Every structure is written in structure tokens, then in C-alpha cells.
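Ready to practise reading a protein model? Have the sequence and the 3D view open, and try each task before you look at the solution.

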Amino acid sequence: MWKIKVEKIKTEKVEKRKKMDIGKMLLIEMLVIIVGLMYTLMATGGANDIVMLIDMPTLFLIILFCVPVLIISGLWKDFIKAFSVSKQKYSIAQLRRCLEAVLVTQKLVLISSFFIAFISIITLLKKLDVPESLGPNLAVICLSGLYAAIIEFLLLPLKTNVQVTLIHEMEISNEEDETETDNEEK
């Protein structure tokens, strides 16, 4: 029995080293996104046009559609906990709630992006007689999709981290159950 506990402690130490630090991962992803956007703009000759990728109303609306739904559904705290899954110990039930919160957030981001794009399309169709408004309205439509892709790009490793931790905790739970069953049989 002592041998099993010592092996378990050793594997937990190894697992802690293997767990990714989600903060570092998100920072690296943000740098990749920024470098990718800058490279794309430079390659197309529009390095000075980085400002055209910023549309605060669209970003604000995406957040506005997501946060209240998470708060009302009771998943807001679980979504915040998902960022500390690799640093703190959570029960299997808490990890499942964290995973659900991240999955709901992913869906909310996509739905809100589509909603914003459809509103922008309707606005565009109402102003077809004004050719100058065609470009800016198409840009807003594209930006809502771009923001959804960027946010999804950031949420994907968060979801993966929670899933891996959940699987690991379930395996540990199964091993503990098996050792208890073996000890009872002896």
C-alpha cells in the first residue's frame, strides 16, 4: 500500500510539471495573433491600417452578449475558475462545471458574432443607395467574424486544459477506487 502511495506522489509531481500554464499559453497565443495580423498587413502593404481592425462596439457587443448569460446561468464563477485549473485542485464536479462554462462561452461568442453580423448586413442592405457606406459596413461584418475567431482561438486551449485535467482527475479517482477494492478483498 505504501508503494502505491509513493508511486502516486511521484506521478503527481511529474503531472504538475507537464501541466501547461494557461496564462503563458494565452500570452503566447496573443503574441502569435498580433504578429500574424501585423505580417498580413505588411504583406498587403497596409501596415498603417492596423487601426481598421479595431471596432470597439463590435467587441463590446460580443462581451455584452456573453457575460450576462454566464452570470444568469451561474457559470461565470466556473468560467473564471477554468483559468486556474492547472494551479489549484478541483473536484471532478467542479471541473465538469468549468468545462461546461467554457463550452457555453464558445457557443455564445459564435452566436453573438453571427447576430452582430446579421444586424450589420441588415444595416448595409438599408443603405445600398449610399455607396460610401458599403465598405465600412462590410468591414464591421468581417470584424465580428474575426473577433469570434480570435476569441475562439484563445478559448480552445482553455477548454483543452480543463478537459485534460478532468480526465486526469477521473483516472486518479478510478485508481483510488481500484486500490480500495483490492485492499477490501485482501
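Below are four short exercises on this predicted model, each with a worked solution.

**Exercise 1. The overall plan**

Task: Find how many helices and how many strands the protein has, and what share of its residues counts as buried.

Solution:
- Step 1. Go through the secondary structure: the protein holds six helices and zero strands.
- Step 2. Written out from the N terminus, the elements read α-α-α-α-α-α.
- Step 3. Now turn to burial: 30% of the 186 residues count as buried.

**Exercise 2. The two faces of a helix**

Task: Describe the span of helix α2, then work out where around its axis the buried residues sit.

Solution:
- Step 1. Helix α2 covers residues 22-43, which makes 22 residues.
- Step 2. From the first C-alpha to the last, α2 reaches 31 Å, close to the 32 Å expected at 1.5 Å a residue.
- Step 3. List the buried residues of α2: Ile22, Leu26, Glu29, Ile33 and Leu41.
- Step 4. These residues cover an arc of only 100° around the axis, so they lie on the same side of α2.
- Step 5. Look at the face turned away from that buried side: it carries the exposed residues Lys24, Leu27, Val35, Tyr39, Met42 and Ala43.
- Step 6. Finally, see what follows α2: Gly45, with a positive phi near 80°.

**Exercise 3. The nonpolar core**

Task: Which residues have the most contacts inside the largest nonpolar core, and which element gives the most to this core?

Solution:
- Step 1. Start with a general idea: in soluble globular proteins, nonpolar side chains tend to be buried together.
- Step 2. In this model, the largest nonpolar core has 31 residues, and Ile62, Phe79, Val109 and Leu158 have the most contacts inside it.
- Step 3. The elements that give two or more residues to this core are α2, α3 (56-73), α5 and α6.
- Step 4. The top contributor to this core is α6, with 10 residues.

**Exercise 4. A nonpolar patch on the surface**

Task: Find which residues make the nonpolar surface patch, and decide whether Phe118 counts as buried or exposed.

Solution:
- Step 1. The patch, of about 760 Å², is made by Leu110, Phe114, Phe118, Ile121, Leu125, Leu128, Leu134 and Leu138.
- Step 2. Two elements give two or more residues to the patch: α5 (92-126) and α6 (134-185).
- Step 3. The largest share, five residues, comes from α5.
- Step 4. Phe118 lies in helix α5.
- Step 5. Exposed means over 50% relative accessible area. Phe118 has 52% relative accessibility, so this residue counts as exposed.

Methods
Residues numbered from 1 in each chain as written. Predicted model: local features only at pLDDT ≥ 70, side-chain atom pairs only at ≥ 80, totals over all residues. Heavy atoms only, no water. Patch = residues over 30% accessible without salt bridge, like charges linked within 9 Å, V, L, I, M, F, W, Y side chains within 5 Å. Areas by Shrake-Rupley, 256 points an atom, 1.4 Å probe, with all protein chains shown as cover. Salt bridge = Lys/Arg side-chain N within 4 Å of Asp/Glu carboxyl O. Helix = DSSP H or I, 4+ residues; strand = E, 2+ residues; numbered from the N terminus. Buried < 20%, exposed > 50% of the residue type's maximum accessible area, 1.4 Å probe, protein only. Expected span 1.5 Å × (residues − 1). Arc of directions from axis to C-beta. Core = buried A, V, L, I, M, F, W, Y, C linked by side-chain atoms within 4.5 Å.
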